[in-house]
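Hi,

Here is the structure I promised to pass on. Have a look, and then read my notes underneath.

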Amino acid sequence: MNLQRAIAVLACVVLSALALADTAPEPDLKKIMQGLRNNTVSVLDGLLTDDFDADAVAVAANEIAHHPSIPGAQVQLVARELGAEMPAFKQFDQQVHDLSLSILAAAEEQDRDRAVADYQQMLNGCLACHAAYKERVAMVLNAAGDTETEYDNPL
Ligand code: HEC
């Protein structure tokens with residue numbers, strides 16, 4: 001392959017990569033959850049190593065608080081399944097949201113005890129929602145065609 005051809009091929013590869021990045025779909029609930037999981041592990045890691053200076057705890061807590069919203073089509077599927085229980089489902093999300101903000105504030109004040117207590121409560125929120133709704137909601141969303149399970153190591 002001559003140099004010109006090599007450059008042309010390389011340009012094509014780069015352009016298609018950019019085009020793919022541009023059309024990346026919005027994250028579905030499972031992807032959002034995988035992000036929450038990674039950030040939850042990162043917060044714990046920051047707490048275990050007292051890593052307040054590097055902002056590890058604050059940054060990951062902030063990511064949890066501002067996770068992407070669930071795509072509208074999935075919200076509709078969940079709402080149809082849960083009906084009158086939808087507010088309870090949302091309440092768990094709100095609880096995790098509020099506690100992650102509280103962890104963020106505690107981390108910024110280097111208040112280790114409060115950050116740890118809030119973290120434990122936040123985990124209770126994650127697990128309580130899972131106990132009540134994870135299987136049911138996963139079943140509805142899986143039936144709608146989503147099957148991917150994949151973890152990135154956050155550390
Ligand atoms: C409002 C309810 C709710 C809250 C709060 C919640 N989850 Fe989930 N989570 C779900 C549901 C529903 C699923 C199943 C999604 C699916 O399979 O499509 C799930 C799935 C998961 C999964 C499995 C993803 C996979 O690849 O199968 C992980 C990991 C996870 N959640 C982590 C967390 C963490 C960490 C928190 C707290 C920071 C949290 N979740 C809070 C409802 C919740």
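Below is what came out of going through it.

First, the ground rules. This is a predicted model, so local features need pLDDT of at least 70 and side-chain atom pairs count only at pLDDT 80 or more, while totals for chains, interfaces and linings use all residues. Numbering runs from 1 along each chain as its sequence is written, and side-chain values use heavy atoms, with hydrogens and water left out.

Overall fold: there are six helices and zero strands, which reads as α-α-α-α-α-α along the sequence. Helices here are DSSP runs of H or I with at least four residues, and strands are E runs of at least two, numbered from the N terminus. Of the 155 residues, 28% are buried (under 20% relative accessible area; exposed is over 50% and partly exposed in between, with a 1.4 Å probe and protein chains only). Taking contacts with a separation of 6 or more, 78% join residues 24 or more positions apart (a contact means heavy atoms within 4.5 Å).

Now the iron. Which protein atoms are donors to the iron atom of the ligand? They are Met 33 (SD) and His 130 (NE2), 2.0 to 2.3 Å from the metal. Donors are N, O and S atoms within 2.8 Å of the metal (3.2 Å for Na, K and Ca), and water is not among the atoms, so sites may look incomplete. The site is octahedral, with six donor atoms and angles of 87 to 180 degrees; that label needs opposite donors over 155 degrees apart and all others between 65 and 115. Met 33 sits in helix H2 and His 130 in helix H6 (residues 112-143), so the pair ties together parts 97 residues apart in sequence. Both are partly exposed, Met 33 at 36% relative accessibility and His 130 at 34%.

The same two residues turn up in the largest pocket, which holds about 1,000 Å³. It has 35 lining residues, and Leu 29, Met 33, Leu 36, His 130 and Lys 134 are the closest to its centre. A pocket is an open set of points on a 1 Å grid over the protein atoms alone, where a 1.4 Å probe fits, with protein on both sides within 12 Å along at least five of seven lines; lining residues have an atom within 4 Å of a point. The volume is the space filled by probe spheres set on the points, joined across faces, edges and corners. H6 gives the most to the lining, with twelve residues.

Lastly, Gly 46 lies in H2 (residues 29-48) and is buried, at 0% relative accessibility. Beyond residues up to four places away in sequence, Gly 46 touches Asp 51 and Val 57.

Cheers

Definitions and conventions:
Tetrahedral: all angles 85-135°; square planar, octahedral: opposite > 155°, others 65-115°.
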